[in-house]
Amino acid sequence: MKAGIHPEYRKVVFLDTSSNFKFLTGSTQASEETIEWEDGNTYPLIRVEISSASHPFYTGKQKADKAGGRVDRFKKKYNLS
């Protein structure tokens with residue numbers, strides 16, 4: 001790799017603000033805010049609004065579109081089978 005052009009890769013903690021779910025991972029994202037993790041070390045903290053702990057697709061609370069496509073809506077509107 002060419003020196004001086006790549007961001008620093010380090011361990012950071014991501015916090016899902018909607019569910020208070022935290023996970024430690026590697027990232028190049030920087031933050032002034034820090035948090036003490038379960039291992040006793042301090043890591044930068046990145047706040048996110050949604051993660052796998054709160055996203056409807058992963059939690060099973062996703063609503064399915066039961067209206068059908070454009071053709072189905074047309075047929076329903078004009079009572080065509």
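Mentor: Accessible areas come from the Shrake-Rupley method with a 1.4 Å probe. Keep that in mind for this predicted model.

Trainee: How much area does the chain expose, and what share do carbon and sulfur atoms supply?

Mentor: The chain exposes about 7,000 Å². Carbon and sulfur atoms supply 50% of that area. As for the interior, buried residues make up 16% of the 81 residues.

Trainee: Which pattern does the chain follow along the sequence?

Mentor: Reading along the sequence gives β-β-β-β-α-α. That comes to two helices and four strands.

Trainee: How do strands of a sheet pair?

Mentor: They pair through backbone hydrogen bonds, either parallel or antiparallel. Here, four strands form an open sheet with mixed pairing, in the order 2-1-4-3.

Trainee: Which strands stand at the edges?

Mentor: Strand 2 (21–27) and strand 3 (34–36). Each has a single partner strand, so one side of each lacks a neighbour in the sheet. On average, neighbouring strands of this sheet are turned by 45° against each other, direction ignored.

Trainee: In which sense do strand 1 and strand 2 pair?

Mentor: Antiparallel, over seven bridges, with strand 1 covering residues 10–16. For one bridge, look at Val13: its partner in strand 2 is Leu24.

Trainee: Which residues make the nonpolar surface patch?

Mentor: Phe74, Tyr78 and Leu80 make a patch of about 310 Å². Find Leu80 in the segment after helix 2 (70–77).

Trainee: Why does Leu80 count as partly exposed?

Mentor: Partly exposed lies between the cut-offs of 20% and 50% relative accessible area. Leu80 has 42%, so it is partly exposed.

Key
Residues are numbered from 1 along each chain as its sequence is written. This is a predicted model: local features need pLDDT of at least 70, side-chain atom pairs count only at pLDDT 80 or more; totals for chains, interfaces and linings use all residues. Side-chain values use heavy atoms; hydrogens and water are left out. Two strands pair if DSSP finds at least two bridges between them. Axes are lines fitted to C-alpha atoms, for helices over the stretch in contact, and angles run from 0 to 180 degrees between N-to-C directions. Patches are made of residues with over 30% relative accessible area and no salt bridge: like charges are joined within 9 Å, nonpolar side chains (Val, Leu, Ile, Met, Phe, Trp, Tyr) within 5 Å. A salt bridge is a side-chain nitrogen of Lys or Arg within 4 Å of a carboxyl oxygen of Asp or Glu. Buried means under 20% relative accessible area, exposed over 50%, partly exposed in between (1.4 Å probe, protein chains only).
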